[in-house]
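Got your viewer open and a selection box ready? Load the model below and we'll take it one stop at a time.

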Amino acid sequence: MSVLSVRDLRVTYRAKGGDVPAVRGVDLEIDRGEVLGLAGESGCGKSTIGSALLRLHPAKTKIEGGIILDGNDVLSLRPGRLRAVRWTGASIIFQGALHAMNPVRGIGDQVAEAITVHKLAGEREARVRAAELLEQVGLPARRIDDYPHELSGGQKQRVMIAMALACNPSLVIADEPTTALDVMVQAQVLKLLKTLQRELGLAMLFITHDLSVLVEVADRIAIMYAGLIVEEGPAERVFHFPDHPYTKALAGAFPEIGDSQFRRRPSGLGGDPPDPQQIPSGCPFHPRCPVAIDVCPSLEVELWAAGEGRRAACVHVSGAPALSETRP
Amino acid sequence: MIETPHQPPEAVVGTEVAPPSPPRDPRKIRWIRRRRALTGFWRVYRRNRMGMVGLVLLAGFVIMALAAPLIVSDEALKPATAPGVAFEPPTADFPLGTDDFGRSVLDLVIFGSRISLLVGFAATLMTMTVGAGVGIAGGYYGGRTDTALNALTNWFLVIPWIPLAIVLASILGRSLFNTILVIGVTSWAGTARLVRADTLSVKERPYVERARALGASNWHLVTRHVLPNVMPVIFANTVLTVALSILAETTLALLGLGDPLSVSWGILIFDAFDAGALSAGLWWWLIPPGVCICLVTLAFTMCGYALDEVLNPRIRER
């Protein structure tokens, strides 16, 4: 049974210089106990999807499509009902743990806040629960009255995780949870997340720009480019045998330790991500694509089958419609 | 700089005892923490000479105001039962002479501290409540609410306060409560503007967004997240506003808009002025209340600056 089902999601920000389409038609499906990784460059719309799931956008933002979270049609909920769904339906582990906590209130207080806001328990009970949650994420319960500035970056991120689990949500949205941490702490936090996810059978949407992180955590990966999903499939296979040239570039940017060949072919991707207000025609990736052909600028790409549960939006995949006359 | 003293030992112990549920009472721990923070604050404040002078002065006036009914009898303040002769210069019986009814000026000055301080604190409370309310509402909700409240704030900021106060005081009548009301109404705008600016920055912080994602209502966000973070701005303003409110009370009284039945320093000067103390050379009637107003205002200002220095680490370093 799917916890989250997103259909043709379009998010358009209203800016002074005109509308900015940040997400341009995305379908997502997350089953119970499944981790979906969402990766892409800065500005590709991955975090926008994360906050769209709880409708956390500025008032004027246009959100179209369908979001069914835990049986609730999020986009048509009335404000009161929406507040009730927030954090109980899906919670968010924010990217800047350092700033996502109120500096003038204790951490236990802030973990318990989620519980008391939803009136799931009284103040005393919520505090006991907060202490349990802190223990669960590997912080001693006696630190419950510490203030955020008394914790290290990794500890703060643990508190954020405890917060996200406070209301037993159906889905946890992890929005770059390890970005600001050093590699050692990052590994610890990832391990903790993975353990908790397995133990509690959580469904999770893991947003990051770091593909190597996703391989460890996610069951499936979706790669985003310019507000669209360009490739989707099982994590290991997408990372090691990418179909879409963009995914190839992303995966190629990670050195394989012990792979002597890699030293001879350091790879990256030239150019900049497109301006969301001036997205290239056809396949949005064609100006940066190393294997682009003449149809690319005019071809409306969509996710075509690319073998064993995989899909990619590229003319070169097997499921793409035949283009006999243009294929080189 | 201040060398950091040894941290007081953890009031709550138990490294080895870390049960999943801490049975300790949250209120008690909060209280311990507050007390510890206060001791630390006091340690720094004590080193500030200006602040200490201001504080001692202030304490003197507050004690005087509280003890006034014990020192001065009611009869001594009533014109009918005044103990002395009118316009008597300072003597052993009346160290600061007497006024036109034969009341001791010293008694009047002592008793006057009550009204002056009361007006100062009450008007400040009002200024802060209205200012913080309008500032937070405008800054937090934005849009049309903000435009309207901002226009109102600007209107109160640019209008010269004395004419407005005169009009208000003459419409509402001369009473102690009206004096407080008039001062409050004419002085909240500055606070509102500062609080609004701070609210604008606080509401964009990620923890406010986190709390919104948590499912918190606007009321919860404002009272639990915005207000505690704007509090320093409100506090920094408070102490100086008290001094300004006392001055404002004096001004109103001097213009003949104070409550004639109550005894405040401003009223004292007004009465002396009215009775021609200036031309008659009755200096003992005019100078003492004036000096008191100066000293109280000075004391509040000194405390205010000292607080600012202690609470703002950037200034403290210098």
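Here is a short tour, going from a whole chain to a contact between chains, then to a helix pair and a single residue. Keep in mind throughout that this is a predicted model.

**Stop 1: chain A as a whole**

Select chain A and switch to cartoon. You should find 10 helices and 12 strands. Line the view up with the principal axes, and the C-alpha atoms fill a box of roughly 70 × 50 × 40 Å. Is the radius of gyration what a compact globule of 328 residues would have? For that length the expected value is near 20 Å, and chain A comes in at 21 Å, so the two agree. Colour by burial next: 45% of the 328 residues in chain A count as buried. As for how the chain folds back on itself, take the contacts between residues at least 6 apart in sequence; 61% of them join residues at least 24 apart.

**Stop 2: where chain A meets chain B**

Now show both chains and select the residues in contact across them. You'll pick up 29 residues from chain A and 24 residues from chain B. On the chain A side, the elements giving two or more residues are helix H2 (79-85), helix H3 (107-117) and helix H4 (123-136). Which of the elements gives the most? That's H4(A), with five residues. Colour that side by class and you get 16 nonpolar, four polar and nine charged residues.

**Stop 3: a helix pair in chain B**

Hide chain A and select residues 105-141 and 218-254 of chain B, which are helices H4 and H9. Their axes sit 7 Å apart, at an angle of about 145°, and the crossing of H4(B) over H9(B) is right-handed. Turn on side chains to see who meets whom: the H4(B) residues include Phe121(B), Met128(B) and Tyr140(B), while those from H9(B) include Leu227(B), Ile234(B) and Glu249(B). By class, this contact has 14 nonpolar, seven polar and one charged residues.

**Stop 4: Trp284(B)**

Last pick: Trp284(B), in helix H12 (residues 283-311) of chain B. Buried or exposed? Trp284(B) has 21 C-beta neighbours inside 10 Å, and the cut-off is 20 or more, so it counts as buried. Leaving aside residues up to four places away in sequence, Trp284(B) touches Pro89(B), Pro90(B), Leu96(B), Gly97(B) and Val105(B). Finish with a distance label from Trp284(B) to Asp99(B): they are 185 residues apart in sequence, but 8.9 Å apart in space, C-alpha to C-alpha.

Conventions: Residues are numbered from 1 along each chain as its sequence is written. Chains are lettered from A and ligands numbered from 1 in the order in which they are written. This is a predicted model: local features need pLDDT of at least 70, side-chain atom pairs count only at pLDDT 80 or more; totals for chains, interfaces and linings use all residues. Helices (H or I, at least four residues) and strands (E, at least two) are DSSP runs, numbered from the N terminus. A residue is buried if 20 or more other C-beta atoms lie within 10 Å of its own, exposed if 12 or fewer, and partly exposed in between; C-beta atoms are placed from the backbone. Two residues are in contact if their C-beta atoms, placed from the backbone, lie within 7 Å. Ala, Val, Leu, Ile, Met, Phe, Trp, Tyr, Cys and Pro count as nonpolar, Asp, Glu, Lys and Arg as charged, and the others, Gly among them, as polar. Axes are lines fitted to C-alpha atoms, for helices over the stretch in contact, and angles run from 0 to 180 degrees between N-to-C directions. A crossing is left-handed if the near helix is turned anticlockwise from the far one by less than a right angle, and right-handed if clockwise. The radius of gyration is taken over C-alpha atoms; the globule rule is 2.2 Å times the number of residues to the power 0.38.
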